[in-house]
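This briefing concerns one protein structure. The sequence and the structure are shown below.

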Amino acid sequence: MGSEGPAAVTIHVTGFKKFHGVSENPTETIVSNLKEYTEKKGLPKGVILGSCSVLETAGQGALPQLYQTLQSALTGKDSESSCSGRIIWLHFGVNSGASRFAVERQAANEATFRCPDEMGWKPQKVPIIPADGGISRVRETSLPVEEITKALAKKGFEVMTSDDAGRFVCNYVYYHSLRFAEQNGIKSLFVHVPLFLTIDEETQMKFAASLLEVLASLCQ
């Protein structure tokens, strides 16, 4: 080690299963295939791809699974990721109405689900973490969202920065993840993707791999 330059960044990735109105969630496909895809194409320099997990599209009921997943990045199961400052949680979620990718800057401490989640929970104006205060509280990622977006646009992707991750499960998971990241000295980012009907699977796989590369280069 030592003279080899900056340590690699370990990136752990999550997506979601199907949910009301989205019978095939593109993020489940992206996350399930990402390891194989990057093995074939070669992982970007400076990246260790950690766990790739597909989460239930649920809030409160899926919290034990979420925290087990988040915690796994710290337990040293992946021996390379023992240096916690170089761990990033990258979460993918679908926005079925979107026409491009969106890099989310922040999450709000508010759960207002437009339809029940996959466990039947439908909160309205509930603080995600009551100890954090009211529903107007936001948490921001410590990653440079503008730079990430610009770098991806330069690679030819239709991508924007967003300040509104919604108030459904995506925002719910992102809020918990940002809080967990802050408490443990790691980083977290959420990215919304469109349906495969809007941007095809191959382009979305390329986008995910490019995002790993951009994150690694900006964290050196």
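The points that follow treat one strand residue, one helix and one pair of packed helices.

This is a predicted model, in which local features need pLDDT of at least 70, side-chain atom pairs count only at pLDDT 80 or more, and totals for chains, interfaces and linings use all residues. Residues are numbered from 1 along each chain as its sequence is written, and side-chain values use heavy atoms, without hydrogens and water.

**Leu90**
- Leu90 lies in strand β3 (residues 87-94); strands are DSSP runs of E with at least two residues, and helices are runs of H or I with at least four, numbered from the N terminus.
- Leu90 counts as buried because its relative accessibility is 0% (buried means under 20% relative accessible area, with a 1.4 Å probe and protein chains only).
- Beyond its neighbours within four places in sequence, Leu90 has contacts that include Ile11, Val13, Leu189, Val191, Leu211, Leu212 and Leu215 (heavy atoms within 4.5 Å).

**Helix α5**
- The end C-alpha atoms of helix α5 (residues 201-218) are 26 Å apart, which agrees with the 26 Å expected for 18 residues at 1.5 Å a residue (1.5 Å times one less than the number of residues).
- Among the buried residues of α5 are Phe207, Leu211, Leu212 and Leu215.
- At the start of α5, a side-chain oxygen of Asp200 comes within 3.2 Å of the backbone nitrogen of Glu202.

**Helices α2 and α4**
- The axes of α2 (residues 63-72) and α4 (residues 169-184) are 11 Å apart, at an angle of about 40° (axes are lines fitted to C-alpha atoms over the stretch in contact, with angles from 0 to 180 degrees between N-to-C directions).
- That angle makes α2 oblique to α4 (neither under 35 degrees, over 145, nor 65 to 115).
- Residues making the contact include Leu66 and Leu70 of α2 and Val173 and Phe180 of α4.

How values were computed: Buried < 20%, exposed > 50% of the residue type's maximum accessible area, 1.4 Å probe, protein only. Polar contact = N/O pair within 3.5 Å; in protein donor to acceptor, adjacent residues only side chain to side chain.
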